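Please open the model in your viewer and keep the sequence panel visible. The tour below proceeds by selections, each followed by a description of what is found there.

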Amino acid sequence: MISISPKNAPEAIMDVLSAGLVPMLTSSPGMGKSSIIKQVADSQGLKVIDMRLSQADPTDLNGFPKILECGTKAGYVPMDTFPVEGDKVPDGYNGWLLFLDEMNSAPLSVQAAAYKLVLDKEVGQQKLHSKVVCVAAGNKKGDGAIVNRMGTAMQSRVIHLEMALDYKAWLDWAADSGIDFRITSWINFKPDALHMFDPKHDDCTFPCPRTWAFLSQIIKPWKGMASSKLALVAGTVGEGMAREFMTFCSIFKDLPTIAQIMANPESVVISEEPSTRYALSGLISNYVDSSSAGNLMKVINRLPAEFQVITLQSAMKRDRSLVSVPEVRNWIQVNAAKLM
């Protein structure tokens, strides 16, 4: 199947929703499907209703039986999970995004119960509210996650989007999301480290966008990476990757501090070792701002061209105001093609 990148997935999802259809986003575990779908909801002012179909029962989708007032017939009462015609749109929202997560992990009986919901926008015997859109998601077959066969009837009711990893798109997201600079430096140095998933792995976890984001939350307060932290890092991204990452982070303790760089930028030694260059690039891009850019550009301009680009791309994603600094603006005028 032709894959789509995380960067292009939101636009593709919106194209499907605009046509009144239901997209089904699949990927390996931990690649950020939920974040992308919530990003789409936020962009459209929609309240997310997160429903895990793997934990659902057919009754959750069809509704509960009830005796009608006539006393001779029965009907169904929908769960309050689903907005139906007549419900009020929540204040501050334009409608709802019904997120049917773990679609292909659901038993076939639940998938069958979802047919009307997905194609006819009905729950039980009632119509979903006209301001509800549906998006489904699930993991890829063969990745070791719990995935059931999706019946052909459901296959033809959704538009399939299979997402592949794009480390550059992830780095863009990481810059906007405040991911720790040691992690982004590492991923710049070793892009394959962003997602290393083997369904037969023996570790209790593995490196992926989700676990790197977890690790960023953990290490942000740390000034260094003490060896005593190895077990914690390994419990987040796996043992092998933890050892590699911590070895990389040991480079930072040998670099001058940002204060030392600022005090004497011309004396900063530019190593020939690529890993050290990536570490220095990450350190500078994390701290450069409109007040320090003039001095730090003296170091940046001494880096090899590709590291100049990496440093300034990362810095300007984090702080757009840098383009107004004369030294940065001059660099852009000369190197605009490289930066793009």
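Of the 340 residues in the chain, 46% are buried. The model is a predicted one. With the whole chain displayed as a C-alpha trace, its extent along the principal axes is about 90 × 45 × 35 Å. A cartoon representation shows 16 helices and ten strands. Among contacts between residues at least 6 apart in sequence, 72% link residues at least 24 apart.

**The sheet**

Select the strands β1, β10, β2, β9, β6 and β3, in that order. They form an open sheet of six strands, and the pairing is parallel. Strands of a sheet pair through backbone hydrogen bonds, either parallel or antiparallel. Which strands stand at the edges? These are β1 (3-4) and β3 (46-52); each has a single partner strand, so one side of each lacks a neighbour in the sheet.

Begin at β1 and move to β10. The two strands run parallel and are joined by two bridges. Within this pair, Ile-4 has Met-163 of β10 as its bridge partner.

Next, add strand β2 (residues 23-27) to the selection beside strand β10 (residues 159-163). Four bridges connect these two in the parallel sense. Display Met-24, whose bridge partner in β10 is His-160.

On the other side of the selection, show β9 with β2. These strands also run parallel, with four bridges between them. Ser-27 is placed opposite Asn-139 of β9.

Now select strand β9 (residues 132-139) by itself. How many of its eight residues are buried? Seven are, and the strand is accordingly described as mostly covered. Then bring in strand β6 (residues 95-101), which runs parallel to β9 and is joined to it by five bridges. In that pair, Leu-97 has Val-133 of β9 as its bridge partner.

**Two residues beside the first strands**

Select Ser-5, in the loop that connects β1 and α1. Is this residue buried or exposed? Ser-5 has a relative accessible area of 16% and is therefore buried, the cut-off being under 20%. Setting aside neighbours within four places in sequence, Ser-5 contacts Met-163, Ala-164 and Asp-166. Met-163 is also the bridge partner of Ile-4.

Proceed to Val-16, in helix α1 (residues 9-18). Val-16 is buried as well, with a relative accessible area of 9%. Apart from neighbours within four places in sequence, its contacts are Leu-21, Val-22, Pro-23 and Ile-159. To relate this site to another part of the chain, draw a C-alpha to C-alpha distance from Val-16 to Gln-217: the two are 34 Å apart in space and 201 residues apart in sequence.

**Helix α9 and its cover**

Select helix α9 (residues 209-219). Its buried residues are Pro-209, Thr-211, Trp-212, Ala-213, Leu-215, Ser-216 and Ile-219. An α-helix has 3.6 residues a turn, so residues three or four places apart point the same way. What covers the buried residues of α9? The cover includes α7 (167-177), α8 (181-189), α10 and α11.

**The α10 and α11 pair**

Retain two of those covering helices, α10 (residues 230-237) and α11 (residues 239-249). Their axes come within 7 Å and cross at roughly 125 degrees. The two helices are therefore oblique to each other, and the crossing is right-handed. To view the contact, display Leu-230, Val-233, Ala-234 and Val-237 from α10, together with Glu-239, Met-241, Ala-242, Arg-243, Phe-245 and Met-246 from α11. Eight of the residues in this contact are nonpolar, two are charged and none is polar.

**The α13 and α15 pair**

For the final stop, select helix α13 (residues 274-287) and helix α15 (residues 305-318). Their axes are 8 Å apart and the packing angle is about 30 degrees. These helices are therefore roughly parallel to each other, with a right-handed crossing. On α13, display Pro-274, Arg-277, Tyr-278, Ser-281, Ile-284, Ser-285, Asn-286 and Tyr-287; on α15, the residues they meet are Glu-306, Phe-307, Ile-310, Thr-311, Ser-314, Ala-315 and Arg-318. Colouring this contact by residue class gives seven nonpolar, five polar and three charged residues.

Technical notes: Residues are numbered from 1 along each chain as its sequence is written. This is a predicted model: local features need pLDDT of at least 70, side-chain atom pairs count only at pLDDT 80 or more; totals for chains, interfaces and linings use all residues. Side-chain values use heavy atoms; hydrogens and water are left out. Axes are lines fitted to C-alpha atoms, for helices over the stretch in contact, and angles run from 0 to 180 degrees between N-to-C directions. Angles under 35 degrees count as roughly parallel, over 145 as roughly antiparallel, 65 to 115 as roughly perpendicular and the rest as oblique. A crossing is left-handed if the near helix is turned anticlockwise from the far one by less than a right angle, and right-handed if clockwise. Contact means heavy atoms within 4.5 Å. Ala, Val, Leu, Ile, Met, Phe, Trp, Tyr, Cys and Pro count as nonpolar, Asp, Glu, Lys and Arg as charged, and the others, Gly among them, as polar. Two strands pair if DSSP finds at least two bridges between them. Buried means under 20% relative accessible area, exposed over 50%, partly exposed in between (1.4 Å probe, protein chains only).
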